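Trainee: Could you take me through one part of this protein closely, and show me how it sits among its neighbours? I would like to follow the reasoning step by step.

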Amino acid sequence: MLINIHLPITSPLLDWALKENERIVHLGGDGVIFSAGAIPHITLLAGSSRSAALPSVMEVVRLWSTTVEPQLAAITSIHQRGRYIMAEVHLSPGLAEERYRLADNLSALMEFTPRGRPSNGLHLTLGHTGQAASAIGVLGSPPVGPPPAVLESVQLSGVGAHGTCVDAFWSVRLDSSLG
């Protein structure tokens, strides 16, 4: 079973991402369509796990969530990687180390995909396009707005086409006061 462990984004960042995705789809984007059920998110880890191991995965993530503070997310730039249009996201500096710790704790339960490893940069996928993103005019310097958003939970979901998150099936709040 493929799963994505991610931070679901919240408003005002969510509102901005929905509008950007709609604009990209209107201009020719395909494959990542939030209005068709894809979940706007920031991936922490992604990979495969046996269904029987899922309760253990959830327990490891729950314990991890008690050591991590809610995150303030801010967009720093928009760029293209392959056919994906991504917004780079700045979160607390300590989160990178925390992602590695979570991956270590899950290593016996999950096999991480190449793009689901903790060494990959934190980003919000805004769209997928069959053409160069520069042709549809979405790349460039940081957008005006959106204001930063506080991300207060971690979620597990299935993985759909183009690595999208679909069908979220479990969520827990980030709260280091519990740890």
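Mentor: From the N terminus on, the elements run β-α-β-α-β-β-α-β-β-β-β-β in this predicted model, which amounts to 3 helices and 9 strands. Of the 179 residues, 46% count as buried, and among contacts between residues at least 6 apart in sequence, 78% join residues that are at least 24 apart.

The part I would choose for a close look is helix α2, which covers residues 54-65. This helix has 12 residues and reaches 16 Å from its first C-alpha to its last, close to the 16 Å expected at 1.5 Å a residue. Which residues of α2 are buried? They are L54, V57, M58, V60, V61, W64 and S65. When you look down the axis of α2, these buried residues fall within an arc of 160 degrees, so they line one face of the helix. The spacing in the sequence fits a general rule: an α-helix has 3.6 residues a turn, so residues three or four places apart point the same way. As for what lies against that face, the buried residues of α2 pack against the strands β1 (2-8), β2 (41-48), β8 (153-159) and β9 (165-173), and also against the helix α3 (95-106).

Let us follow two of those partners, beginning with α3. It too has 12 residues and reaches 16 Å from its first C-alpha to its last, close to the 16 Å expected at 1.5 Å a residue. In α3 the buried residues are L95, E98, R99, L102, A103 and L106. They cover an arc of only 140 degrees around the axis, which puts them on the same side of α3, whereas E97 and D104, on the other side, are exposed. The buried residues of α3 pack against α2, and also against β1, β2, β3 (71-81) and β5 (111-112).

The second partner is strand β8, where we can pause at a single residue, Q155. Is Q155 buried or exposed? Its relative accessibility is 15%, and because buried means under 20%, Q155 counts as buried. Leaving aside residues up to four places away in sequence, Q155 touches N4, I5, H6, P8, I39, A168, W170 and S171.

To step back to the outside of the protein, the protein exposes about 8300 Å², and carbon and sulfur atoms supply 56% of that area.

Technical notes: Residues numbered from 1 in each chain as written. Predicted model: local features only at pLDDT ≥ 70, side-chain atom pairs only at ≥ 80, totals over all residues. Heavy atoms only, no water. Helix = DSSP H or I, 4+ residues; strand = E, 2+ residues; numbered from the N terminus. Expected span 1.5 Å × (residues − 1). Buried < 20%, exposed > 50% of the residue type's maximum accessible area, 1.4 Å probe, protein only. Arc of directions from axis to C-beta. Contact = heavy atoms within 4.5 Å. Areas by Shrake-Rupley, 256 points an atom, 1.4 Å probe, with all protein chains shown as cover.
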